[in-house]
Amino acid sequence: QVQLVESGGGLVQAGGSLRLSCTASGRSFRSYGMGWFRRAPGKEREFVGGIGWSGGDTYYGDSVKGRFTVSGDDAKNTVYLQMNSLKPEDTAVYLCAARSSPVSPSAWNLWGRGTQVTVSS
């Protein structure tokens with residue numbers, strides 16, 4: 001059974017940085033891509049950024065472009081989210097996700113439990 005486990009969340013002041021990590025466990029894990037979403041109180045889940053596993057192409061949601069960077073380590077089945085210039089509106093639970101279904105490789109079918117990021121003003 002594959003699990004995604006996030007780490008690295010916490011409390012940071014506005015303008016600061018945090019780095020989140022997400023590692024996929026499970027011998028059968030194969031991924032077409034991994035990425036990050038976030039869910040803030042009273043808001044819908046929002047796409048943050050993702051990376052395609054084979055070519056390493058990255059893509060981002062408009063609200064984080066230029067501030068956040070997604071990177072990955074294939075050998076460790078790990079994806080990272082470097083968050084710089086954080087704003088209070090970045091406060092949310094950050095969820096790691098993976099696209100692993102060969103039937104539907106564009107679907108985010110695996111999810112972590114999330115890690116809380118709180119940005120104080």
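The legends below describe an overall view and several close-up views of a predicted protein model.

**Figure 1. Overall fold of the protein chain, with zero helices and 11 strands.** Read from the N terminus, the elements follow the order β-β-β-β-β-β-β-β-β-β-β. The radius of gyration is 14 Å, close to the 14 Å that the globule rule gives for 121 residues, so the chain is as compact as a globular protein of that length. Along the principal axes, the C-alpha atoms occupy a box of roughly 45 × 25 × 25 Å. Of the contacts with a separation of 6 or more, 53% are between residues 24 or more positions apart.

**Figure 2. Surface and charge of the protein chain.** The accessible surface amounts to about 6,500 Å², and carbon and sulfur atoms contribute 47% of it. Among the 121 residues, 41% are buried. The chain carries 13 positive and 9 negative charges, and the mean positions of these two sets lie 5 Å apart.

**Figure 3. The disulfide between Cys22 and Cys96.** One disulfide is found in the whole structure. Its partners are Cys22 and Cys96, with an S to S distance of 2.0 Å. Cys22 belongs to strand β3 (residues 18–25) and Cys96 to strand β9 (residues 92–99), so the bond ties together parts that are 74 residues apart in sequence. The torsion about the S-S bond is about -80 degrees, and the disulfide is therefore left-handed. Both Cys22 and Cys96 are buried.

**Figure 4. Surroundings of Leu4 in strand β1.** Strand β1 comprises residues 3–7 and includes Leu4. With a relative accessibility of 6%, Leu4 counts as buried. Beyond its neighbours within four places in sequence, Leu4 is in contact with both cysteines of the disulfide, Cys22 and Cys96. Other contacts of Leu4 include Thr23, Ala24 and Met34, as well as Ala97 and Ala98. Leu110, Trp111, Gly112 and Arg113 are also among the residues that Leu4 contacts. The C-alpha atoms of Leu4 and Gly114 are 9.2 Å apart, although 110 residues separate the two in sequence.

**Figure 5. Surroundings of Gly33 in strand β4.** Gly33 is placed in strand β4, which covers residues 33–39. Its relative accessible area is 0%, and Gly33 is buried. When residues up to four places away in sequence are set aside, Gly33 touches Ile51, Gly52 and Trp53, among others. Further contacts of Gly33 include Ala97, Ala98, Arg99 and Trp108. Ala97 and Ala98 also appear among the contacts of Leu4. Between Gly33 and Asn109, 76 residues apart along the chain, the C-alpha separation is 11 Å.

**Figure 6. Surroundings of Ser71 in strand β7.** Strand β7 spans residues 68–73 and contains Ser71. Ser71 has a relative accessible area of 32% and is partly exposed. Apart from residues up to four places away in sequence, Ser71 touches Ile51, Thr78, Val79 and Tyr80. Ile51 is also touched by Gly33. The C-alpha atoms of Ser71 and Gly56 are 7.9 Å apart in space, with their positions 15 residues apart in sequence.

**Figure 7. Lys76 and Asn77 in the loop between β7 and β8.** The loop that holds Lys76 leads to strand β8 (78–83). Lys76 counts as exposed, at 53% relative accessibility. The C-alpha atom of Lys76 is separated by 15 Å from that of Cys96, which is 20 residues away along the chain. Asn77 lies in the loop between β7 and β8 as well. With a relative accessible area of 21%, Asn77 is partly exposed. Most residues other than glycine have a negative phi. Asn77, which is not a glycine, has a positive phi of about 50 degrees.

**Figure 8. Ser85 in the loop between β8 and β9.** Ser85 is not a glycine, yet it has a positive phi of about 50 degrees. The relative accessible area of Ser85 is 42%, and the residue is partly exposed.

Conventions
Residues numbered from 1 in each chain as written. Predicted model: local features only at pLDDT ≥ 70, side-chain atom pairs only at ≥ 80, totals over all residues. Heavy atoms only, no water. Helix = DSSP H or I, 4+ residues; strand = E, 2+ residues; numbered from the N terminus. Rg over C-alpha atoms; globule rule 2.2 N^0.38 Å. Buried < 20%, exposed > 50% of the residue type's maximum accessible area, 1.4 Å probe, protein only. Contact = heavy atoms within 4.5 Å. Areas by Shrake-Rupley, 256 points an atom, 1.4 Å probe, with all protein chains shown as cover. Lys, Arg positive; Asp, Glu negative; His and termini not counted. Charge placed at Lys NZ, Arg CZ, Asp CG, Glu CD. Disulfide = S-S within 2.5 Å.
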